[in-house]
Each structure stands twice: as C-alpha cells, then as structure tokens.
Amino acid sequence: MALLSDPVSEPVPISLISGRYLLFDIDVVTYLRRTHHICGSFIGGIPQAPQQNVFLGLPIQLTPEEVKVLIENEVAYIIDDSSWHKERFSTLQGADRKKYLESLRAEGLKASRLADATARKRSENALAKQAVLKASKEAAVAATKDPSEVDSTVEPDPDVTATISDNTLRLRDDGEEEIIFSSEEIPSSPEPSKASGTSKPYAITPTTSYPPSSLPQNPSQQPDPIVPISYPLFAHLHAHNYYIMPGLRFGCDYNVYPGDPLRFHSHFLATGYEWNQDISMLDLIGGGRLGTAVKKGFMIGAEDKESEAEGDNVRTFTIEWAGM
C-alpha cells in the first residue's frame, strides 16, 4: 500500500506574536513532532471545554531553543505575524473583503441551522416521551378497573400497545410509574418541518483570520531567538534524536525522552552549563538524588568553545545517586 505524501513542505512558518513563537496549523505541528522531534506546549483553549485548563489545544508555543534548532537546520523561518497581518488586511477591500465576510456569514448560517435542528429534535423527543408516559398511565388505570365497566367496543390502539410493551415500567418512590426505555430509540413522532430559510446567522469569531498556508514564503529576515546558555546541550541532544520537553517540574532545564513523550518515560533530567562554570555541590547532590528517586539520570553538559575540533564539542556526564 502506497503511503500518502506529507502535505507539509519545508521551510514552515513560525508566527512571532508578542514575543511568543506559535504554530497554528495542526499539520505543521504533527509534522514537526513526527519528523523533527519538536513537541512544544499547547496553550490554546478547547472549544468543547473552554473552562478547564488540564488539556489544552492549538496553538502550540515553541521554546527559543526549539525555534533556533529548526532555523539552523533550515526547517522553519520566523515571520512577524503582527506586522504582516496589518499589511495584508489593511488592503483587504472590494471583492476580497466581500468574499471574506460572505464566508463568515455562511459559517454562521450553518451553525444557526444546526442549532435549530438540534433544538427541534430535542423538543420532539420530549413530546414523544410524554405521550408514551401518558399512554402507559391510561393503560395502568384501565387495568385496575372492573372489566364490566370497560367499554368492550373500544379497541386498543395497536401503536400505543406496542409502545408500552417495548418499554419497562417501574414504580418511583412517590408511587408514580416511570418508563425505563430499553434502548435509545424514541417512539415515532411527526416528521420534523424543514429548516426555514429565514434563520438568522450566528456571529462567528474565527480562531484565525487567515489560513496558515497563506503566510508568505519569502518574508523579511527576522533575528534569531535569544537562547539560554543551555542551548548547546539542547542542540546536542536533539541531534541524537531525543525528544526534549521543559524540565521545570523536575528542577532542571530539559526532560529528555528516548522517543515520543506520549509513548515513553523520560530517561534524563538535563541541565546545561558554561564550560568553565562553577557548579554548586548542592546542585549536583540535589539533582543526583532527585534523578535517582524518579528513576532518571541527572545529566549535565557544556560546550567546549575553545576546542579546535570540528563538529559537536558538547560533553555530557550523567550522575546517579548510589544507595537509594
């Protein structure tokens, strides 16, 4: 079976907004994660659950280290989203502006009709349940009467009888009968009327005012992000195909995974230093003990900038606490 070609082409745009490096396109997010081991952090709200903050959605925010390593590998470029947005939409006039507004109105009208249909269906289901409950009560009352008092000329409604037989009755605490439906099927009801063409469109607030694919391919050159002194260690680990996540919760710079963090536990707690930087003994002891306690190695690393050797001059050491 032939594999589908990836819809993402390099280099990919990274939006710079208020000092944050953001990605809004889910295809780009999955491509960078799968191909270049870039995870980022989700910071957007989820429309279905906007008031929770445990699981977040798009966009994702990239760290300066992730952005710089992508730029150095010519995988991505930075675009000043704010200035480009003003430049593009200040000229949105005439037919382009009308087309954009019509697209928003069409989306709003679609959402309005869907909401109307859902409300109408809910109302019909409620009426059907009430009709079945009423019929079951009348049948129960008729069953308690003397057979001689029942008019034998009146034939039972087969639809009502079938409906009652298909459901189970139980007594509530107050003595009233309650229907327990054996399935999610609702008794037949009159055909719903067709949606009227006079539905008022909802006001749509789009998450983005343009598709991410419309970002310019040859933008003006933006300065590289300012990275911390631990960047050489980050680039070194990334070059060895590790996945790297922020390590704040473990008191380190990076949490290092051998594979995708969705599938693997991290192996190292990594902290980067300058080559000749003094390291506090308390930092070494605390990092080693913490790493061993959570079954991870405490890694420290630095780049020898004075080395004349070509290539990667980063050296790493792993500290593990014995006797724990």
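Pro11 sits in the segment before strand β1, which covers residues 12–17. In this predicted model, a cis peptide bond links Pro11 to Glu10, with omega at about -5°. There's another cis bond to look at, between Leu58 and Pro59, where omega is about 0°. Pro59 belongs to strand β4, made of residues 57–62. Here are the two bonds side by side:

| Cis peptide bond | Omega | Where the proline is |
|---|---|---|
| Glu10 and Pro11 | about -5° | segment before β1 (12–17) |
| Leu58 and Pro59 | about 0° | strand β4 (residues 57–62) |

While we're on the backbone, have a look at His37. Its phi is near 60°, which is a positive value in a residue other than glycine. You'll find His37 in the loop between α1 (26–36) and β3.

Now for some helix packing. Helix α2 (residues 64–72) packs against helix α6 (residues 231–239) at an angle of about 60°, and their axes are 10 Å apart. Because of that angle, α2 counts as oblique to α6. The crossing of α2 and α6 is right-handed. Who makes the contact? On the α2 side it's Glu65, Glu66, Lys68, Val69 and Glu72, and on the α6 side it's Tyr231, Phe234 and His238. Sorted by character, the residues of this contact come out as three nonpolar, one polar and four charged.

Next, the empty space. How big is the largest pocket? Its volume is about 500 Å³. The pocket is lined by 16 residues, and the closest to its centre are Arg33, Gly40, Ser41, Met245 and Pro261. Three elements each give two or more residues to that lining: β3 (41–44), β8 (243–246) and β9 (254–257). As for the make-up of the lining, ten of its residues are nonpolar, four are polar and two are charged.

Finally, let's follow the chain to Leu284, which lies in helix α7 (residues 281–293). Which residues does Leu284 touch, leaving aside those up to four places away in sequence? They are Ile279, Phe298, Ile300 and Ile319. Take Phe298 from that list: Leu284 and Phe298 are 14 residues apart along the chain, and their C-alpha atoms are separated by 8.5 Å.

If you want a short route through the model, begin at the cis bond between Glu10 and Pro11, go on to His37 in its loop, visit the contact of α2 with α6, look into the largest pocket around Arg33 and Met245, two of the residues closest to its centre, and end at Leu284 in α7.

Notes. Residues are numbered from 1 along each chain as its sequence is written. This is a predicted model: local features need pLDDT of at least 70, side-chain atom pairs count only at pLDDT 80 or more; totals for chains, interfaces and linings use all residues. Side-chain values use heavy atoms; hydrogens and water are left out. Axes are lines fitted to C-alpha atoms, for helices over the stretch in contact, and angles run from 0 to 180 degrees between N-to-C directions. Helices (H or I, at least four residues) and strands (E, at least two) are DSSP runs, numbered from the N terminus. Angles under 35 degrees count as roughly parallel, over 145 as roughly antiparallel, 65 to 115 as roughly perpendicular and the rest as oblique. A crossing is left-handed if the near helix is turned anticlockwise from the far one by less than a right angle, and right-handed if clockwise. Contact means heavy atoms within 4.5 Å. Ala, Val, Leu, Ile, Met, Phe, Trp, Tyr, Cys and Pro count as nonpolar, Asp, Glu, Lys and Arg as charged, and the others, Gly among them, as polar. On a 1 Å grid over the protein atoms alone, a cavity is a set of points where a 1.4 Å probe fits but cannot get out, and a pocket is an open set with protein on both sides within 12 Å along at least five of seven lines; lining residues have an atom within 4 Å of a point. Grid points are joined across faces, edges and corners, and a volume is the space filled by probe spheres set on the points.
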